[in-house]
Every structure is written in C-alpha cells, then in structure tokens.
Amino acid sequence: MSRVIVVTSGKGGVGKTTTSASFSMGLALRGHKTAVIDFDVGLRNLDLIMGCERRVVYDFVNVVQGEATLKQALIKDKHTPNLYVLAASQTRDKDALTKEGVGQVIDGLKEMGFEYIICDSPAGIEKGAQLALYYADDALVVTNPEVSSVRDSDRILGILQAKSKRAEEGMEPIRENLILTRYNPERVEEGEMMSWDDIVELLGVPLLGAVPESEDVLNASNAGVPVILHEGSPAAQAYEDIVARYLGEERPQRFLTAEKKGLLKKLFGK
Amino acid sequence: MTQPIELKGSVMSFTVLKVHSDDIGQVQHALAEKVQQAPGFFQNVPVVIEPTVTALPPTFLAQLMEILRQNGMMPIGLRTQDEAIRQQAEFAGLGIFDIETGKRARAERAKREKGESCAAAPGKLVLKTIRSGQQVYAKNRDLVIIGSVNPGAEVYADGHIHVYGALKGRAFAGAQGDETARIFVSRLEAELVCIAGLYILAEDIPPAIRGKAVTAFLQNEKVEFSELP
C-alpha cells in the first residue's frame with residue numbers, strides 16, 4: 001500500500017520544499033521506496049535543494065502531457081537508491097497540469113512500487129496547490145510561528161477538508177499533521193513569535209514536530225543537500241524525529257523550549 | 001465601455017408540471033399521451049416541476065427529467081417545500097422555486113419579519129471549526145457552532161449566533177436587520193462583532209471581557225457585551 005503525502009502551507013517561503021526534501025530523504029534512508037514530486041510548475045526549486053538540477057532532462061509536465069514516460073523523467077538521488085525526484089518544469093505554467101494527468105502519474109508511481117509519494121505543493125490556494133493536495137492521503141502542513149503563516153495554514157486546511165478527492169468522495173478524511181519551521185523558543189518567550197501551543201490550539205491539528213531556526217537550513221539549500229543529511233545539526237535531528245514520528249515511533253518533542261543559559265554561557269556567548 | 005453583462009430581476013411565466021403520482025411508469029404514460037395530442041406545442045418548452053406528493057423515490061426526479069427531455073421539454077426548475085425533494089433537485093441540477101403565493105405563506109413571512117421565532121425551523125448546526133476564508137450563513141434562523149470561528153472566517157445568521165468555542169473571526173447576527181438578535185460565545189476574541197448592521201471592531205471591544213464567555217446585544221444602537229453567568 002502506498003501513501004500520497006502533500007506538503008503544503010498556503011503561504012510561501014515557510015519551508016515546504018525544505019521539508020519535502022528532508023522528509024522524503026528521511027523515509028528513503030529508512031529503506032522505504034519514495035518519490036518526491038515538485039508541483040511548483042514555473043518556479044521549480046526542489047531539484048536545486050536536492051542537488052539534481054543538472055540531471056533534469058524530462059519533467060513532471062512532460063509526463064503529464066505524454067511527452068516522456070515516468071521512467072525517463074524520474075531522477076535517482078545520489079545519496080540513496082530508494083529516492084527518486086520528479087522535477088517541475090521551469091518553462092511551462094501551471095495550466096499545463098490537469099487533475100486527470102496528475103492522477104495518472106500518481107497511479108503510475110504506485111504501480112512502480114513506491115511506498116511514499118511526496119507532493120511538494122506550490123504556495124497559494126490556486127490550481128497548482130489544489131492539484132498537489134487533491135490525491136493526498138496525508139498532509140504535512142508547514143507553518144512558521146507568525147500570525148499570517150498560521151492564518152494561511154488554516155485556510156489550506158479548510159481546502160484540504162473540502163476539495164480533496166477524499167473529501168469529494170466521502171472517504172476517510174486526509175490525516176493532517178503540523179510541522180512548525182523556523183521555531184525559535186527564545187523569541188517565543190520574548191513574545192515576538194507565536195507559541196507552539198497557541199498554534200496547535202488554533203489549527204486543531206496534532207504537532208508532528210518543530211524544526212528550530214537554523215543557519216544550517218540555508219547552507220544546506222545552497223549546497224543542494226537536504227538538511228537532514230547535515231549531521232549534528234539541530235534541524236537534521238528535528239527532521240529525523242519527524243520522519244520517525246510519522247512512521248509511528250514515539251519520540252518526545254524537542255526544540256520547543258528555550259535552553260537555559262548558565263552564567264558562563266551568558267558571559268561568553270554560545 | 002458598456003458592461004459585458006447585467007443582472008436584472010424579471011417576472012416570467014412558465015409551464016408548471018404538477019405531478020400527482022410517485023409512480024414513474026404512470027407519469028411517463030400520462031406525459032406521452034399529453035404530448036401526442038399536440039407534439040409541436042411541447043417542443044423546447046421550459047418546464048417547472050411541482051410534485052404534490054411527498055416522499056418521492058430517490059431516483060424519481062432524475063428519471064422524470066430524462067422523460068421530459070425525451071419528449072422535447074426542458075426541465076429548468078422545481079417548486080416544492082419538501083426538503084428531501086429539494087435535495088434531489090440540487091443533485092439533478094434543477095433550480096428551486098419557493099411556493100410563496102398563498103395567503104398562508106405571506107402571513108408566515110410577515111410573522112418572520114416581525115421577529116417572532118418560527119417553531120418549525122431549528123437553528124443551523126455546524127459541528128466543526130470554521131476556518132480562515134470560510135463563510136457560514138443561517139438564513140431565517142439561528143446559527144449554532146460547536147467549534148471555533150478562526151481568524152479570517154465569517155459567520156452570519158438572520159437570528160442569533162451561538163459559538164461553543166472561541167470566536168476569533170467575524171460574526172454577523174440579525175443579518176437582515178433584526179435588532180433583537182444576539183451573539184453568544186464561550187470565548188470572545190473576535191475581529192468584529194456585528195448585530196443588525198451595527199458593528200464593533202476588535203480594538204473597541206473592552207479588554208475586560210476579552211477571552212470571556214459573553215453575550216453581545218444592541219442597546220441604544222450600540223453593540224454592548226455582558227458576561228454570561
């Protein structure tokens with residue numbers, strides 16, 4: 001049985017693609033055959049973050065329009081044999097995707113034995129975002145601890161519950177999970193950011209994990225390596241936890257409270 | 001430049017097909033007979049269906065529409081008060097017309113306008129949180145929400161609004177002008193509260209009652225609050 005997972009947020013720039021890259025890498029490293037699809041047609045980013053941009057020959061739109069087969073378009077990751085990337089097209093616009101075409105690609109991936117199919121949604125609530133979530137079984141809703149991001153996530157949750165295939169056909173609803181990114185407990189304590197419990201209360205979605213604000217995320221993106229591979233980084237540990245919890249492991253939440261700084265640390269900095 | 005479209009209200013007369021039977025075979029037979037008498041007369045005639053029987057079989061409307069089309073008629077709408085039949089019509093893509101021509105209907109409407117409660121219509125019940133960007137409207141009745149109204153969501157009712165949860169979005173009670181309408185909330189954190197068109201914004205809501213269980217009502221053309229016991 002394969003599961004289709006949409007990574008979505010409504011708002012742009014909150015960490016959807018970073019999360020898609022690290023989450024799919026995490027699943028693949030644990031031995032699960034995983035495919036990750038970039039739905040952001042026209043603004044493709046996933047291949048950059050995955051470090052495979054030079055190997056893109058055919059893309060998602062080519063497959064949807066029958067110009068290439070899935071096998072031709074899937075790019076094998078350099079780090080693990082279990083992970084494949086389906087890049088977005090940089091030259092087409094989002095009207096190139098259709099509901100039927102996307103459905104055929106997802107069915108094709110299921111037939112090829114992929115256990116997890118990750119759909120990296122574009123920002124917004126328009127057609128591209130709606131297509132990315134339409135076939136989902138699970139959703140990872142990525143939110144930053146700030147009011148506008150939380151509100152946009154609330155909006156996209158409403159769409160998940162109304163416009164997905166599962167909702168339209170009256171099946172069991174999409175399993176929703178919250179991922180907080182750029183979480184900075186110090187700034188939460190100072191009242192500059194929303195706290196995780198306020199966000200969970202408002203959205204009514206269980207917290208899968210929080211990813212602390214970290215320079216490693218930016219560095220990893222620029223290097224074209226998913227941050228989960230950045231050993232020793234708190235962001236990598238956070239994504240590792242998130243993958244484990246998604247797969248049913250019980251792990252206590254980390255990175256939610258500020259580290260108590262001792263006198264020496266206060267005096268001498270970090 | 002003239003506008004490409006224009007919406008206008010207009011009174012037109014339609015052929016109404018009264019259906020006195022819930023047996024589709026019988027109806028089909030009777031229709032065929034009628035059409036045979038004057039085949040040209042029924043070609044492309046728009047028809048409004050008015051069932052006089054209640055509890056039609058679930059596929060009745062769909063079958064009837066097919067039969068009408070086969071006979072050259074164009075079913076466009078349905079006139080009934082029966083809720084189950086109205087739902088069928090929605091699925092079948094038919095417009096719905098109200099039966100509100102008789103004296104009784106007019107009297108009932110007058111009664112509603114005076115603000116008397118209509119015992120037959122309980123409040124509209126919503127058993128989930130209303131999320132940002134979503135709207136809910138309870139026409140001619142109260143609205144009861146078990147869940148929260150999140151920021152950016154809007155809830156409207158012609159009667160009262162009850163929110164068993166936090167009201168963080170906007171609420172409009174007495175949307176058609178009933179000044180006796182009220183809003184009841186378990187936790188008031190609203191962006192805007194409006195009763196019969198008179199509203200109060202978040203920044204004008206007294207801090208003392210923020211986050212409390214309160215009722216909002218109109219007094220001297222102003223929205224006032226009092227804590228619930």
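Domain bounds, as I use them here, come from an automatic or database domain assignment. On that basis I split chain B into domain 1 (15–112) and domain 2 (124–227). I looked up the C-alpha centres of the two domains of chain B and found them 39 Å apart.

I note that this is a predicted model, in which local features need pLDDT of at least 70, side-chain atom pairs count only at pLDDT 80 or more, and totals for chains, interfaces and linings use all residues. Residues are numbered from 1 along each chain as its sequence is written, chains are lettered from A and ligands numbered from 1 in the order in which they are written, and side-chain values use heavy atoms, with hydrogens and water left out.

**Chain B overall.** I count helices (H or I, at least four residues) and strands (E, at least two) as DSSP runs, numbered from the N terminus. Chain B has four helices and 15 strands. I call a residue buried under 20% relative accessible area, exposed over 50% and partly exposed in between (1.4 Å probe, protein chains only). Of the 229 residues in chain B, 38% are buried.

**Interface of A and B.** I take contact to mean heavy atoms within 4.5 Å. Ten residues from chain A and ten residues from chain B take part. Buried area is the accessible area (1.4 Å probe) that two parts lose on being put together, summed over both. Between chain A and chain B I find about 880 Å², with 35% given by carbon and sulfur atoms. Arg151(A), Asp154(A) and Leu202(A) supply 53% of what chain A buries against chain B, more than any other three residues.

I then searched for salt bridges (a side-chain nitrogen of Lys or Arg within 4 Å of a carboxyl oxygen of Asp or Glu). Four cross the interface of chain A and chain B. One of them joins Glu201(A) and Lys168(B) at 3.1 Å, N to O. On the chain A side, helix H7 (147–163) and helix H10 (196–203) each supply at least two of the residues that touch chain B. H7(A) gives the largest share, six residues.

**Salt bridges within chains.** Over all chains I find 23 salt bridges. Arg166(A) pairs with Asp137(A), the closest N and O atoms being 2.9 Å apart. Arg166(A) lies in helix H8 (residues 165–168) and Asp137(A) in the loop between helix H6 (127–134) and E6 of chain A, so the pair ties together parts 29 residues apart in sequence. I checked both Arg166(A) and Asp137(A), and both are buried.

In chain B, Lys18(B) pairs with Glu50(B) at 3.7 Å between the closest N and O atoms. Lys18(B) is in strand E1 (residues 15–19) and Glu50(B) in strand E2 (residues 46–51), so this salt bridge ties together parts 32 residues apart in sequence. Lys18(B) is partly exposed at 45% relative accessible area, whereas Glu50(B) is buried at 8%.

**Single residues.** I looked up two positive phi values. Most residues other than glycine have a negative phi. Arg182(A), in strand E7 (residues 175–183) of chain A, has phi near 55 degrees and is partly exposed at 40%. Asn220(B) has phi near 50 degrees. Asn220(B) sits in the loop between strand E14 (214–219) and strand E15 (222–227) of chain B and is exposed at 74%.

Last, I checked Thr143(A), in strand E6 (residues 138–143) of chain A. Thr143(A) is buried at 0%. Beyond its neighbours within four places in sequence, the contacts of Thr143(A) include Ser149(A), Leu178(A) and Leu203(A).
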